[in-house]
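Biologist: I am new to this structure and would like a close look at a single part of it. Could you take me through the place where two domains of one chain meet, and tell me what is found there?

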Amino acid sequence: MAKINLNMITQRAIEEGVAMEKGKTTPDYFEACSIIEMNAEDIKKLGINPNANVRVISESGEVIVKAVVGRQTCYPGLCHIRQGVWANQVVPPRTQSTGEPQYSGFPVTVEPAEYERIKGALELVQGACGLWKGDE
Amino acid sequence: MAKVITGVGCPYCGASCDDIEVTVSDDGTKVLEVKNACAIGNQVFHHASTPGRITSPRLRQPDGTYKEISYEEAIDRAARILVNAKKPLIYGFGSTNCEGMSAAGRVAEKAGAVLDNCASICHGSSFLAIFDNGYPSCTLGEVKNRADVIVYWASNPAHAHPRHMSRYSIFPRGFFTGKGHMGRKIICIDPRVTDTARVADIHLQVQQGHDYELFNAFRTVLHGGDIPDMVAGIPKEKILEAAGIMKKARFGTVFYGMGLCHSDGRNHNVDIAISMTRDLNEFTKWTIMAMRGHYNIAGPGVVWSWQFGFPYCIDMTKRDLVHMNPGETSSVDLAMRDEVDAFVNIGTDAGAHFPIPAVQHLKKHPWITIDPNICMASEISDLHIPVAVVGVETGGVVYRMDNVPIQFKKVVEPAGGILTDEELFDKIYERMCELDQEA
Ligand code: SF4
């Protein structure tokens, strides 16, 4: 299976801002934030079609998201998950002694995961804390 | 008759727009229409009066579900958690007014807590650089009226501060900038082709994490030195062209964002941005400004510097000996080292915005969330206390990204009689004093 190593960043997006104000448990927030934007070349290297699910693995965790090219394009080798619950499953908490986690510029491995399910925000966060009871 | 309220402040991003017009229902309980706000601001006002808001505190039960409790009980529980903890952490304040921040400061001092705000994971690096290197800044009004060259470096206002460009930087016609965007040059420096890059005259697509080198190249050029043919992925000619435009400006402003603070180098990236601004002042007038994320996230820096002498990462566990030492007293570092034994999440969502290992560490101890809405933090806490939405259900003073204070207004009555942040913290403080006396 094709695996690629990318440099990941996470930043705000207007879609994320609007959805977050609507509520982090809404489908809007899920749509806005559970995607990874990467260069079309890198999607090709993975041997998948755009909009297929991928697994993103970092030094501190992993998450399933949908791979898209996106409007605000990345150069080959760079990828972006919008700020929020999905990105923070993989953001390393190291801070270079400043308090600020490594939100921008950390290595991730991306691999196809077409048949894996993207988890919802509550499932990810409650799940990480042993509180997730399954879909109500 | 529906009532139109003008000059309303928007409680979302650091642009802190105060020209919003809100139409409210007859009985003053519902927002009917919002004018002048961007898509996000619009959502903030409408969401606040959507039915189904949580209006009473909720306590986590042994089976994992929440039970509604009274404010009185919630206040008692919060006070007890703070009194019993050795080193509680009170963190957040991205979305509250200065009155709430000040009241929380009193609680933190009484509790011997660590008091920290979202700058800790956002523009904290800027504070460190500003302490070291100064801050040749200005107000957004000066940018609007004077600036003819704007640099957005590692910031993306098209998404993070949607009206920043139209209200302050690119498009408005100011006193000396009557031609609006026709008379301005925009330079965007970002590793992605962002929507901000698309409206810029020049986009330098810097290699992610190499901003420091690029700043260094600009400084070298400004000092009359030569640079390699390619720096940080940018060809020499492009750097010379941009530096030339910057030197010829009548008044320039560098607006920088998270791309500098969140990448390798952190405060050093901001430090060299400030040095470049200083270099530019050899030629003409240049200023620099941090694109602060939330409408009042400049607030805690101002309020607590006045109260305690430090803007963030304030350790009061030694009671009368307050100190600040990011890396040691910063929220994420404290969490990762398991050094705190209670957590108050106020006016933010650490559940969604901290790296998940930090959330897991904090969750080992009592977790209180004070927030108007359901968010990730509220859904993992032991106690959730809803409060009024600042800028919608209560007014107050906020500091815009340029540290200009603005009086925000209340437009509707708080849903279901819920308390404001200030009222809540004052009551927690009183209860802590009572518990002290009982002991
Ligand atoms: S730009 Fe920011 S402050 Fe202005 S309306 Fe939009 S979200 Fe609100």
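Modeller: Across the interface of domain 1 of chain B and domain 2 of chain B, in what is a predicted model, the rule finds zero salt bridges, while the count of residue pairs in polar contact between these two domains, with both residues at pLDDT 80 or more, is four. On the side of domain 1 of chain B that touches domain 2 of chain B, the residues divide into nine nonpolar, two polar and two charged. As for where the two parts lie in the sequence, the domain assignment of chain B gives domain 1 as 58-123 + 295-404 + 415-438 and domain 2 as 126-290. The contact between them takes 13 residues from domain 1 of chain B and 18 residues from domain 2 of chain B, and the C-alpha centres of the two domains lie 34 Å apart. Together, domain 1 of chain B and domain 2 of chain B bury about 1200 Å² between them, and 68% of that area is on carbon and sulfur atoms. Within domain 1 of chain B, the residues that lose the most area to domain 2 of chain B are His123(B), Met401(B) and Asp402(B), which together account for 52% of what that side buries. To bring the picture of this interface together, the rule finds zero salt bridges, four residue pairs are in polar contact at pLDDT 80 or more, and 68% of the buried area is on carbon and sulfur atoms.

Key:
Residues are numbered from 1 along each chain as its sequence is written. Chains are lettered from A and ligands numbered from 1 in the order in which they are written. This is a predicted model: local features need pLDDT of at least 70, side-chain atom pairs count only at pLDDT 80 or more; totals for chains, interfaces and linings use all residues. Side-chain values use heavy atoms; hydrogens and water are left out. Domain bounds come from an automatic or database domain assignment. Contact means heavy atoms within 4.5 Å. Buried area is the accessible area (1.4 Å probe) that two parts lose on being put together, summed over both. A salt bridge is a side-chain nitrogen of Lys or Arg within 4 Å of a carboxyl oxygen of Asp or Glu. A polar contact is a pair of N or O atoms within 3.5 Å; within protein, one must be able to donate a hydrogen and the other to accept it, and residues adjacent in sequence count only if both atoms are side-chain atoms. Ala, Val, Leu, Ile, Met, Phe, Trp, Tyr, Cys and Pro count as nonpolar, Asp, Glu, Lys and Arg as charged, and the others, Gly among them, as polar.
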